Amino acid sequence: MCGIAGFIDLWDTNAVRAREDRADILENMCEVIRYRGPDDSGSLLMEGVALGMRRLSIIDLAGGHQPISGEDGSATIVFNGEIYNFRDLQKTLEGHGHKFKTRSDTEAIVHAYEQYGTTCVDHLRGMFAFAIWDDRQKKLFIARDRAGEKPLYYSLTSTGTLVFGSELKSLLEHPGVKRETSAESLDAYFSLGYVPDPLSIFKDIKKLPPGHILTFSNGRLLVKEYWDFTYETNGTRRREDDYLEELRELLDESVRIRLVSDVPLGAFLSGGVDSSTVVALMARHMTQPVKTFSIGFLEDSYSELKYARQAAKRYGTDHHEFFVTPEICNVVDDLAWHFDEPFADSSAIPTYIVSKLAREHVTVVLSGDGGDELFAGYTRYVTERKRRKFGLLPRQFRRGLMEPLSRTLPHGAWGRNFLHNVALDPIDRYFDNVSIFTGLNKRSLYTSDFAHQLGSNSHVGMSFQEYGDNVGTNALLDALLYIDSKTYLPGDILTKVDRMSMAVSLEARVPLLDHKLIDFVTRIPASMKMTGLETKHLFKRAVADLVPEEILSRPKQGFGVPIQQWINLQLRERIRDTLTDSRFRERGIVSPKYTDVLLDEHERGRRDHSMALWSLLMLELWHQVFVDGGDKHAKFQSGEYVINRSSHTLAERNHIQEWEREEISRSAIESAYTAKGPLRYSDNEIDRFLNASADTIYPLEYSHYLLGDVSGKTILDFGCGAGKSSVLLARRNAKVIAMDISEPIMQVARERLLKNNITSNVSFINASAHNIPLADESVDLVFGIAILHHLHLQLVSREVLRILKKGGRAIFQEPVRNSKVIKLLRGLIPYQAEDVSPYERPLTDEELIDFGHGFSQYRSKAFTLPYINLAGILPVANKFMNPLQRLDGAVLRKFPSLDYYATVRVIEMVK
């Protein structure tokens, strides 16, 4: 599993670049998708040719380095995917005289090309996107797998250079690729929530469709189909029972051949029929319990954990499950970066989270995707079947009266959308049914300028009709399945699985899309796939002995998220702010007036516009990243969000959220009270901390003493507040990440840094300490002053442990008890609100020790200074406290058991 990229400028007379420049371009194209292959990299650079790759090692860990060449070195490949029949293919090719140097499936492809030419794809069973440079023929050959599991983008520049890559962002690293947005693609996005093949969001970039090959030679580009889903009447109709045995054998084989791996392997388990079937068949062939991964939601109507647990128990899996809470809405910025194009399927959120958490245990997972498109499992097929009776009405009545009437009704009128939908012909009705913005509403959605630019025809709607016409049976269901196999499956489902799994360097395999299984199933009569209103009829019969009855008979539940609730609550302000911002409104695509109608109707509860609003949000976030020039920043700042996996009650979670709201509010007041004049430190003040000693009686000095030499290391200033520690850490030449939940107080920190001439080595993150948006093992040291007593310790401990590198340290200074006098004094300060959450209180020694559980080392030192908090609140009194503080320090050193009376404790933990 890898990411590939490259360009051929052999016939581009304008592409006169030095070898070093071409190498830099190729390196950038590969580096931007490093997460697809963090284990290894490789490249081929020769005159007019640049091929590169990033590798996630799965098969032949030691010998699978790419690029790989054939026997005489004339054919060289970079490859993304897995070939499951590579061992059998290798034996066949060895029989033809080919000599293999590795055990990798990549080498089998290049030898197959040497033997069979471009028809080598007919011999491959698996998921793939690869590029082969044939130096003898001076030809580039690119192929994409049959169902579209692996992506491939390409662009032929105006000067004749062909640029390609696994993701669109790789192509954007090439200076010859333009970023002109496609109106046709935007129109398709507004309908479907994704940009369907072969389009991309940019005019000059295309996707190679599934089941297609591309050749580029002598400056000429040719794209050709080599395989397709075939729905046609073929031979004598068989009885249902005649199909079952062969279907079971193909299902079993499809799963079995996907268990080949040199790294740990597991499965996504949603609790649906498809994923349960895959796990059941895995358990049949694996000697160890299958590692399974499920997620759930606090909103019961969306959670499938009940069924996932039943399946896990039935198959004896090593089961892991996680709850997704609304805080994960922060991940939307990451989605815009990873998808490259506007993408409005909100189930990308749980897919991302379950992928990230599965990656903690395995490198490969099997999923149940593809079963709904193959066996007719979606509820929208039921909807279409219920509405087909309207097709019995005369077409002249439907299109001449019902449809015009629907257009005259007010936007919020009850029944308006339904009347328009049932007036359409079957394929148009289905397209309308699956659209986010229908043809009825696009007239209001688009600005006049964009509507004029687009023209009168809906190209994506026409493609649905063209696909339907290609089906060789008389069954409407076959036409709908074929349409979804060409649009929804590669454009949404497989794109989502690929991007979200590869974002965390996880390989996802999809056994239900094995092409031999597809070839068999597409020839099963539609009436056996859906009987009456029962979906997946034949498939359920085939797996009845594998899957628990409660799962087989349960209502269909998509892998979605409670986006409506989240938009009404956690995302409400974000969406309104984004969609009323001048940047969104001045793009000239969406009518501000219509946007206001959607916001108003949704917020007042008149209509559920959650999908429409979500799609507009994702479109604008994409514009900000890839059109406004933010992608250069995003690729270095893109965070990885984790989710609350604890067993906290809903009340505890609500307390945490309430604390975060209160903390933001309190800090805003604090920032207003912070005097701007004294933000600059004197050299003496800075030296006090930079040269602190081990026996200092000041806990803050001691905390800084523990830092040691941190030059060049990455330090998280945990709860940076007004930036005091950030200045001191930066003066030590550390790379500082200053994090706080309050943007107003962070603005004070920014001003403090400027006043102290700190202009580099410090970046800011506005985030919650309970969900730190940093990658695993990305920080050398975490440094926090008087922050833990605000927080939920178990959540924070896990986050700190996660982001620290092996051997990394965490240093915290915390009050462990306060006298009544100090509590009274704190209460007199306006911004020092007390007890804003159940966690806002001095900690006990036991709590701090428990906080350090899981770290390899834990050390602490107590400071029995009852005046230290008073000195912090009233700095002017500090000079009067010094003799007493020194006396207390001397007493503590003489009688260390007196640390029971400590008011401050400094702890140091090592991962």
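**Two sheets and a charged patch**

Good morning. I begin with one pair of residues: Y153 has K207, in strand 10, as its bridge partner. What we are looking at is a predicted model, and this pair leads us into its strands.

Y153 and K207 belong to a contact between strand 8, residues 153-156, and strand 10. These strands run antiparallel and are joined by 2 bridges. Both take part in an open sheet of 6 strands, whose order is 2-3-1-9-8-10 and whose pairing is antiparallel. Which strands form the edges of this sheet? They are strand 2, residues 40-46, and strand 10, residues 206-207, each of which pairs on one side only.

Let us turn to another open sheet. Here, too, there are 6 strands, in the order 4-5-6-7-11-12, and the pairing is antiparallel. At its edges lie strand 4, residues 68-69, and strand 12, residues 220-225; each of these pairs on one side only. How many bridges join strand 11 to strand 12? There are 6 bridges between them, and the two strands run antiparallel, with strand 11 covering residues 212-217. Within this pairing, F216 has L221 of strand 12 as its bridge partner.

I close with the surface. A patch of negative charge is found there, where E20, D21, D24 and E27 gather. Let us consider D24, which is located in helix 1, a helix spanning residues 19-31. Why does D24 count as partly exposed? The reason is that its relative accessibility is 41%, and partly exposed residues fall between the limits of 20% for buried and 50% for exposed.

Thank you for your attention.

Methods. Residues numbered from 1 in each chain as written. Predicted model: local features only at pLDDT ≥ 70, side-chain atom pairs only at ≥ 80, totals over all residues. Heavy atoms only, no water. Patch = residues over 30% accessible without salt bridge, like charges linked within 9 Å, V, L, I, M, F, W, Y side chains within 5 Å. Areas by Shrake-Rupley, 256 points an atom, 1.4 Å probe, with all protein chains shown as cover. Salt bridge = Lys/Arg side-chain N within 4 Å of Asp/Glu carboxyl O. Lys, Arg positive; Asp, Glu negative; His and termini not counted. Charge placed at Lys NZ, Arg CZ, Asp CG, Glu CD. Helix = DSSP H or I, 4+ residues; strand = E, 2+ residues; numbered from the N terminus. Buried < 20%, exposed > 50% of the residue type's maximum accessible area, 1.4 Å probe, protein only. Pairing = 2+ DSSP bridges.
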